[in-house]
Amino acid sequence: MSIVEQSRQGNVLILTVNNPPVNAFSPGVPEGLHAGLDVAEKDESIRAVVIIGGGRTFIAGADIRTFNLPREQAPDLRGFISRLDQFPKATVAAIHGTALGGGLEVTLACHYRVAVPDAQLGLPEVKLGVLPGAGGTQRLPRVVGAARALEMMLSGTPIKATQAHQLGLVDELIEGDLLAGAVKFASEHADARPLPRISERKVEGGTPDLFTKVRQDIKKTHKGQLSPTYIVDLVEIASSKAFADGWAAEARLFVMAKDSPQSRALRHVFFADRERAKIPGITKETPVSEIRKVGVIGAGTMGGGIAMNYLNAGIPVTIVETAPENLERGLATIRRNYENTARKGRLTLDEVEQRLALLTPTLDMADLADADLIIEAVFENMEVKKDIFTRLDRVAKPGAILATNTSTLDINEIAAVTKRPESVIGLHFFSPANVMKLLEIVRADQTSPSVLATSLKMAKTIGKVGVVVGVCNGFVGNRMLYAYREQANRLVLEGARPQDVDAAMHALGLPMGPFEMSDMAGLDIGYMARREQAKKDGRPLPDDWLDRVVELGRKGQKTRGGVYDYAEGSRTPTPSPVVEQLVADYRAEKGVRGREITPEETTKRLAYALMNEGAKILQEGIALRSSDIDVIYVNGYGFPAYRGGPMQYASEQGLGNVVKDLESYGMTPAPLLKTLASEGKTFAQYDQERAKG
Ligand code: 3HC
């Protein structure tokens, strides 16, 4: 089958794009489409052309993989679109699946668009740090008006064809056979003259007030990002200048956006998100079992949040507690959470009741006998967990998945108390568990491929981003966080103020810095964990300024004082004179003379502390790919996607420069980092080489 197939029905030439899986506009596609237009131009008996996608979708966009190619080698989407716009015979785009980005731009250059009602149309380029670069910024506002076009391009969210039809973006909805309907439509409109060209229309609603308001809005919604500002500029040009001017400006800004580190980062995240489910040893043949019933042990904050994920997906949950009052408290919290969502209009009260009806509370673990998946979510204590798993082993049916939500403990040790370690896995949810997208799926030594594959599928069912990791203290995310926090503490010891440290991370685009985050989570948790670990390792108990903050009873937001002070009922941190004095005393005691530390040094030390630990994790095989680490940080720790995650961020700086910086700060570069730096490679190249074996 050729990449663009030509066929005829009466006087209509049909061009079918066959470039699976998503009919991206890859090399070969423009050539095939041009060849089709050549035929239509020469053959007088052809009166109209229909462009349609083969397989599951219309063209889903430019081929993102070609963005790194030199211009001459990249498929010429703009060239094709220019020709289409001026084509002398009627052209009709027949849309099913998704017409996204360059795909939608192809349809906008056609004279007409028809679609099946559930097709999706959108310009998602902003999510890749670019902008619609083949006329989208100029044509979409000419159809749907400036305000709606901005909304679509700045959110990147597609709309359904039914809505597109109401907006005039789709000329006709076709129920039933799309191709037959499109051919009929094309025949009926073949003789229309002049042919309707979007490029000849005027933009409605492009007022100065609109642009002022949108520019204000994106400072918040797209803080620090480049391409949204370009999109607004281009819609403004579309509203005030000739089409040709906007078309030329769009080409210039597209290249600037595409070649920016932000776009490289967002493209990295796009592909990283698709790589993460590719696990060596797991194939399409790996058996996946159905999760029809779930058990959750522990109705605290974590257990309740975990249960809600399954209730939201329509999966019944049995939740177990040890005492009736704990159970009641847990259920009340779940109900309150749902009712709050309903109050915000995101659920109806009926839906709240439907979800709660799927929840069975119990004090008896034996009630978990028919669960397909059981998740233990009690506090972090190895002996308690071992006891639970010993009992679970007796109760759970054969083949049930036994999961622990531990964030630090050795899952192999937990698995060893059961007679079925192959069924044991870690499912590390992040708090609040019903909100946070990330799920670390922790593969223990004996976890079976089927249990892993089922867990990955289950993550998708409940809308989580599941990333497979190995067993170590803190797994991937929290282990890196320990190194990051240690660096943050050190920066303060050396002279930075906590608010400067946090500000440096805001500047990088994180919503919270390390101290704001610790105050929110509760400083006592880390304090206890560090002590536990030190005892276990036979090391002296840790002592740094932050431990002393905890010893003053300042545990964070919950005690209205931690590293920062908090006014009654407020979560806004204000610098604390008590902590300032404590730090000054601590420095004096340790003989440290505080020095001025630049924001640049602060940002680098913190971001590189994450990456350096990530490099160790990668070399140990705890993470399969550096891109998995980035997915974890983007989805679980607020690392901005437009920086790509800590590994991509470091690669973007040049790993050689990173090593020099680390050494100049007295930090020890991880061995893998040094090797890659000496070979002039990036982490992404390391991933690719490893994937090839
Ligand atoms: N270019 C290259 N590869 C693409 C691609 C694209 N535009 N879109 C998807 N793919 C690849 C994916 O990487 C994946 O590859 P893999 O199997 O090797 O991992 C495969 O196609 C299937 O993709 P998904 O797993 O995402 O499939 P889904 O069915 O879940 O989703 C989709 C399909 C909704 C089309 C989704 O892939 C998507 O959102 N793609 C991106 C669409 C997009 O952003 N288009 C705009 C591109 S930029 C542009 O057009 C610029 C222009 O204005 C100049």
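**Note on the ligand shell and two helix pairs**

1. The ligand is surrounded by 25 residues. Gly61, Ala62, Gly101, Gly102 and Gly133 are the closest. Three elements each give two or more residues to this shell: β5 (98-100), α3 (102-109) and α11 (261-275). Keep in mind that this is a predicted model.

2. On the chemistry of the shell: 14 residues around the ligand are nonpolar. Six are polar and five are charged.

3. Next, helices α4 and α5. Helix α4 covers residues 136-144 and helix α5 covers residues 146-155. Their axes lie 7 Å apart and the packing angle is about 130°. An angle that is over 115 but not over 145 degrees falls outside the perpendicular and antiparallel ranges, so α4 is oblique to α5. The crossing of α4 and α5 is right-handed.

4. The α4 side of this contact consists of Thr137, Leu140, Pro141 and Val144. They meet Ala146, Arg148, Ala149, Met152 and Met153 of α5. By class, the contact of α4 with α5 has seven nonpolar residues, one polar and one charged.

5. Now helices α24 and α25, residues 599-619 and 626-636. Their axes come within 10 Å and cross at roughly 135°. That angle makes α24 oblique to α25. The crossing of α24 and α25 is right-handed.

6. From α24, the contact uses Leu610, Gly614, Ile617 and Leu618. From α25, Ser626, Ile629 and Tyr633 take part. The contact of α24 with α25 has five nonpolar and two polar residues, and no charged ones.

How values were computed. Residues numbered from 1 in each chain as written. Predicted model: local features only at pLDDT ≥ 70, side-chain atom pairs only at ≥ 80, totals over all residues. Near = placed C-beta within 6 Å. Helix = DSSP H or I, 4+ residues; strand = E, 2+ residues; numbered from the N terminus. Nonpolar A, V, L, I, M, F, W, Y, C, P; charged D, E, K, R; others polar. Axes fitted to C-alpha atoms, helices over the stretch in contact; angles between N-to-C directions. Parallel < 35°, antiparallel > 145°, perpendicular 65-115°, else oblique. Left-handed = near helix turned anticlockwise from the far one by under 90°. Contact = placed C-beta atoms within 7 Å.
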